[in-house]
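Here are some worked exercises to help you find your way around a new structure. Take each task in turn, try it on the model, and then read the solution.

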Amino acid sequence: MRNIVASPQAGELRETAAALDRALVARAALAELPGRFLFALDDGAGDVAALAADAESRGGVLHLAGRPTDLPGTVDALLDAAQAFLDLRGDEWRVHDLPDGAERIAAALGGAVTGPRAVPAPPTPPPVGWFDRPDGSVTLGMGVPLGRLDPRTAQFIAAVDHPITITPWRTVHVHGLDEGVAETVVRVLAPMGLIFDANAPLLRVSACVGDHGCARAHGDSLAHAADIADDIADDERVHVVACERGCGAPSGEHRRVVVTGEPGE
């Protein structure tokens, strides 16, 4: 139940995320949270804010299902909001499913909602490439095709031996590199299929797990997505699914492709 995301390039949030995780584990009652309940820490960039987390600290302010409140976005406030949700819920999984959920939770904490739902669009394209950091180091953002990272490639990333962040946008960031090491990492990992070009078509295609792991699937959505990536329009976002349920669909505008058999069908 410990679903926590933080702005991936905000190094100062790494300890806050760790502190939130420790505090969440320490509150045994919060083990009852639904599996989809999401905590988020946004440094003000609005990147993870696009996920409309149930309890979010955005620029130091508590947001509930994307709605701002007059409460501070501290670790304790995030956990208190989660407990208030548990106290108020019936069988709802998310704050936005609970009638007047944001208002009722804020009131339970002694505050109020101060504005409408404010959820920015997810970053487009996702943050991949070379990022110079204020401390002189380099962060490399690498796109993972269709979010599938094979064990050998994962071992090569781990061998870089620097802090790693896995993002909600099917990318991996490696932090704290000097320029020489960063250049070597690109030379080694790009031929292994990791994406460093923000304009690569594969970054605009996603897919459900398909028949690689779902009994409801009618085909190989992952293979079909890889097949069509080079043929999609430059401004198009496509999500491929193997049944009508449409699992894993991205937020924002996109075209859905339903696969019913082998790739190409």
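A pocket here is found on a 1 Å grid over the protein atoms alone: it is an open set of points where a 1.4 Å probe fits, with protein on both sides within 12 Å along at least five of seven lines, and its lining residues have an atom within 4 Å of a point. Grid points are joined across faces, edges and corners, and a volume is the space filled by probe spheres set on the points.

This is a predicted model, in which local features need pLDDT of at least 70 and side-chain atom pairs count only at pLDDT 80 or more, while totals for chains, interfaces and linings use all residues. Residues are numbered from 1 along each chain as its sequence is written, and side-chain values use heavy atoms, with hydrogens and water left out.

**Exercise 1: the largest pocket**

Task: Find the volume of the largest pocket and describe its lining.

Solution: Start with the space, which is about 1,300 Å³. Next, look at the lining of 38 residues, where Arg 237, Gly 248, Ala 249, Pro 250 and Ser 251 are the closest to the centre. Finally, sort the lining by class, counting Ala, Val, Leu, Ile, Met, Phe, Trp, Tyr, Cys and Pro as nonpolar, Asp, Glu, Lys and Arg as charged, and the others, Gly among them, as polar. The result is 19 nonpolar, nine polar and 10 charged residues.

**Exercise 2: the second largest pocket**

Task: Which elements give two or more residues to the lining of the second largest pocket?

Solution: First, note that this pocket holds about 450 Å³. Its lining has 24 residues, and the closest to the centre are Pro 8, Ala 10, Arg 14, Thr 165 and His 175. Helices (H or I, at least four residues) and strands (E, at least two) are DSSP runs, numbered from the N terminus. The elements to name are then β1 (4–6), α1 (13–26), β8 (164–166) and β9 (171–177). By class, the lining splits into 12 nonpolar, nine polar and three charged residues.

**Exercise 3: a parallel sheet and its helix**

Task: Trace the open sheet of three strands, then find a helix that packs on the sheet.

Solution: Two strands pair if DSSP finds at least two bridges between them. Here the order is β10-β11-β12, with parallel pairing. At the edges are β10 (205–207) and β12 (255–258), each pairing on one side only. Strand β11 (residues 238–241) is joined to β12 by four bridges, and His 239 stands opposite Arg 256 in β12. Now add helix α6 (residues 221–228), which touches β10, β11 and β12 (contact means heavy atoms within 4.5 Å). The direction of α6 makes about 150 degrees with that of β11. Such angles run from 0 to 180 degrees between N-to-C directions, and axes are lines fitted to C-alpha atoms, for helices over the stretch in contact.

**Exercise 4: an antiparallel sheet**

Task: What is the strand order in the open sheet of four strands?

Solution: Read the order as β6-β7-β9-β8, with antiparallel pairing. The edge strands are β6 (129–132) and β8, and the twist averages 20 degrees from one strand to the next. Strand β7 (residues 138–143) pairs with β9 over five bridges; one bridge partner to look for is Thr 171 in β9, opposite Gly 143.

**Exercise 5: a hairpin**

Task: How many residues lie between β4 and β5 in their hairpin?

Solution: Strand β4 (residues 61–64) and strand β5 (residues 67–72) pair in the antiparallel sense over three bridges. Between β4 and β5 are two residues, and Ala 65 in the turn has a positive phi of about 50 degrees.
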